[in-house]
Amino acid sequence: MTVQKTKKARTDTAEATASAPVNIAVIKYWGKRSEALMLPTNSSLSLTLDQDQLQSKTSVRVMPDESESVRLWLNGKEDKITGRIRNLVSTMRKLRAEQEARDSSLPSLANKALHLASVNNFPTAAGLASSASGLACLAVAIDAALQLNLPRAQVSALARLGSGSACRSLFGGFVAWDMGVKEDGSDSVARQVASETHWPEMCALILVASATQKEMPSTAGMQTTVETSPLLQHRIKEVVPQRMEAIEKAIQARDFDSFAEITMRDSNQFHAVCLDTFPPIFYLNHVSHRVISLISKYNEVKSKQNGRKYTVAYTFDAGPNAVLYLLKEDVAEVLRLANSFFPVAAGTGTDEYYGMAKQFLHAPKDKVDAEKELELEVLKGVKHFEEKNGLKRIIYSTIGDGPRILGTGSEGREISLFQADGFPKTGL
């Protein structure tokens with residue numbers, strides 16, 4: 001009689017820690033044609049931000065006990081496992097089981113309990129794409145912990161099961177998510193339009209108007225919009241296909257004027273669609289509206305000086321925080337203009353408020369004097385924001401790379417979010 005040896009999991013290597021970036025769309029995804037497969041009603045395009053400034057970090061530990069249980073800790077607190085996360089985990093476990101069935105020498109990992117821990121270095125659910133970076137990071141970490149070694153494109157498709165826009169965070173630079181037409185979603189994939197080094201002058205300033213969770217979660221908002229907004233149908237069929245083609249050309253040509261106009265028009269229409277939803281959805285607040293007015297007037301005044309149609313492009317996701325895309329040579333002036341119109345509350349720490357943006361705060365006197373003249377011109381069309389603390393912080397970022405594996409197995413324990421016993425470290 002042949003005695004079969006029980007396969008043992010290599011628990012010393014059955015753990016991985018990864019980081020993943022935020023992506024901010026310039027052509028917005030809003031609405032699903034399949035909730036189960038997370039298939040969008042339209043294509044979208046985003047820029048991946050530098051994860052050294054904005055990132056999700058996730059550790060996945062394969063526990064020794066045989067169980068299908070999954071536990072999750074988010075920012076140090078245990079959280080519920082949503083249906084989407086469970087679907088993502090079960091799909092990746094199934095892939096691991098198939099690998100083990102084909103190769104009996106592989107350790108048994110598919111049938112083990114999983115512990116997941118994730119932290120963000122930015123506010124969660126406040127319109128800063130935390131779900132995209134978080135689910136992208138989770139898919140990458142599970143792939144490494146279960147030793148699947150899947151192609152990045154396949155991991156991107158799996159991340160989509162957790163959060164639609166997460167598929168775009170699997171790549172750096174400029175990333176498109178093609179909506180696809182097949183019912184099984186096999187052609188609904190993300191692809192890199194251009195790398196993070198293609199347009200090195202491109203930067204982002206994020207004006208955080210609120211760090212609190214939004215009243216209407218994106219998932220619920222999307223579904224209501226699909227069911228009630230006639231404008232969404234026009235956007236899907238007529239507007240987005242033309243804009244996707246045009247903005248890809250603008251990116252390849254590094255044509256900022258075209259890029260900026262498409263970006264702002266698409267942001268405006270996205271929020272118009274939200275207003276066209278019944279009952280309407282409000283993601284922007286009074287600070288958001290003032291930012292739009294300020295940037296619009298600034299572009300008008302500035303164009304008389306530099307001959308460019310636009311110097312800054314604003315865009316807003318499903319939240320009140322403005323993301324300003326601009327070239328690095330213009331960051332300092334725009335940052336100081338924002339400071340002038342949105343006074344910083346007394347006692348606010350410079351490092352906490354500005355982070356990496358503080359490098360642009362100081363300028364020679366002649367440049368400051370010139371900016372004062374420009375500010376007076378802008379002031380003719382936009383009043384100063386009277387409330388202090390209108391902005392909670394300002395984040396500066398360049399365009400960045402895709403997810404990173406920070407550590408695996410026992411060699412990654414120092415960077416891991418888990419203690420030796422497989423439970424989160426204190427102080428996360």
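What follows is a set of questions and answers about a predicted model.

Reader: What makes the radius of gyration of the protein chain agree with a compact globule?

Author: Set one value against the other. A compact globule with 428 residues would have a radius of gyration near 22 Å, and the protein chain has 23 Å, so the two agree. Along the principal axes, the C-alpha atoms fill a box of roughly 90 × 50 × 40 Å. Of the 428 residues, 55% count as buried. The secondary structure comes to 10 helices and 16 strands.

Reader: How do you know which share of the contacts joins residues at least 24 apart?

Author: Take the contacts between residues at least 6 apart in sequence. Among these contacts, 77% join residues at least 24 apart.

Reader: Why is helix H8 called largely enclosed?

Author: The cut-off for buried is under 20% relative accessible area. In helix H8 (residues 331–341), 11 of the 11 residues are buried, so the helix is largely enclosed by the rest of the structure. Among them are the charged-type names you may look for, Glu 333 and Arg 336. Asn 339, Ser 340 and Phe 341 are also on the list of buried residues.

Reader: Why are S13 and S15 called edge strands?

Author: Look at the order of the sheet. Four strands form an open sheet, S13-S14-S12-S15, with antiparallel pairing. Strand S13 (312–316) and strand S15 (393–398) each pair on one side only, and they are the edge strands. From one strand to the next, the twist averages 25°.

Reader: What makes S13 and S14 a pair?

Author: Two strands pair if there are at least two bridges between them. S13 and strand S14 (residues 322–327) have five bridges, in the antiparallel sense. They pass the cut-off. One bridge sets Ala 313 against Tyr 325 in S14. Helix H6 (residues 256–276) packs on this sheet and touches strand S12 (202–208), S13 and S14. The direction of H6 makes about 25° with that of S13.

Reader: What is the strand order of the open sheet that holds S2, and which strands are at its edges?

Author: The order is S2-S5-S10-S11, and the pairing is antiparallel. S2 and S11 are the edge strands, each pairing on one side only. The twist averages 35° from one strand to the next. Strand S5 (residues 44–48) and S10 run antiparallel and are joined by four bridges. The cut-off is at least two bridges, and these strands meet it with four. Ser 46 has Val 175 in S10 as its bridge partner. H6 packs on this sheet too, touching S2 and S5. Its direction makes about 95° with that of S2.

Reader: Why is the pair of Trp 30 and Phe 270 called edge-to-face?

Author: Check the distance, then the angle. Ring centres must lie within 6.5 Å, and planes over 60 degrees apart count as edge-to-face. Trp 30 and Phe 270 are 5.0 Å apart centre to centre, with 70° between the planes. The pair is edge-to-face. Trp 30 lies in the loop between strand S2 (23–27) and strand S3 (32–34), and Phe 270 lies in helix H6, so the pair ties together parts that are 240 residues apart in sequence.

Reader: How do you know whether Trp 30 and Phe 270 are buried or exposed?

Author: The limit for buried is under 20%. Trp 30 has 3% relative accessibility, so it counts as buried. Phe 270 has 2%, so it counts as buried.

Reader: What makes the pair of Phe 174 and Trp 199 stacked?

Author: Planes under 30 degrees apart count as stacked. The planes of Phe 174 and Trp 199 are at 25° and the ring centres are 6.2 Å apart, so the pair is stacked. Phe 174 lies in strand S10 (residues 174–177) and Trp 199 in the loop between strand S11 (190–194) and S12, so the pair ties together parts that are 25 residues apart in sequence. Phe 174 is buried at 0% relative accessibility, and Trp 199 is buried at 3%. Both belong to one aromatic cluster with Phe 256, Phe 259 and Tyr 325.

Reader: Why does Gln 99 count as buried, and what does its side chain reach?

Author: Gln 99 is found in helix H1 (residues 83–102). Its relative accessibility is 15%, under the 20% limit, so it counts as buried. The side chain reaches the backbone oxygen of Leu 148 at 3.1 Å. A polar contact needs N or O atoms within 3.5 Å. Beyond four places in sequence, Gln 99 touches Leu 106, Gln 147, Leu 148 and Leu 150.

Key: Residues are numbered from 1 along each chain as its sequence is written. This is a predicted model: local features need pLDDT of at least 70, side-chain atom pairs count only at pLDDT 80 or more; totals for chains, interfaces and linings use all residues. Side-chain values use heavy atoms; hydrogens and water are left out. Helices (H or I, at least four residues) and strands (E, at least two) are DSSP runs, numbered from the N terminus. Axes are lines fitted to C-alpha atoms, for helices over the stretch in contact, and angles run from 0 to 180 degrees between N-to-C directions. Contact means heavy atoms within 4.5 Å. Rings of Phe, Tyr and Trp (its six-membered ring) pair if their centres lie within 6.5 Å; planes under 30 degrees apart count as stacked, over 60 as edge-to-face and the rest as tilted. Buried means under 20% relative accessible area, exposed over 50%, partly exposed in between (1.4 Å probe, protein chains only). A polar contact is a pair of N or O atoms within 3.5 Å; within protein, one must be able to donate a hydrogen and the other to accept it, and residues adjacent in sequence count only if both atoms are side-chain atoms. The radius of gyration is taken over C-alpha atoms; the globule rule is 2.2 Å times the number of residues to the power 0.38.
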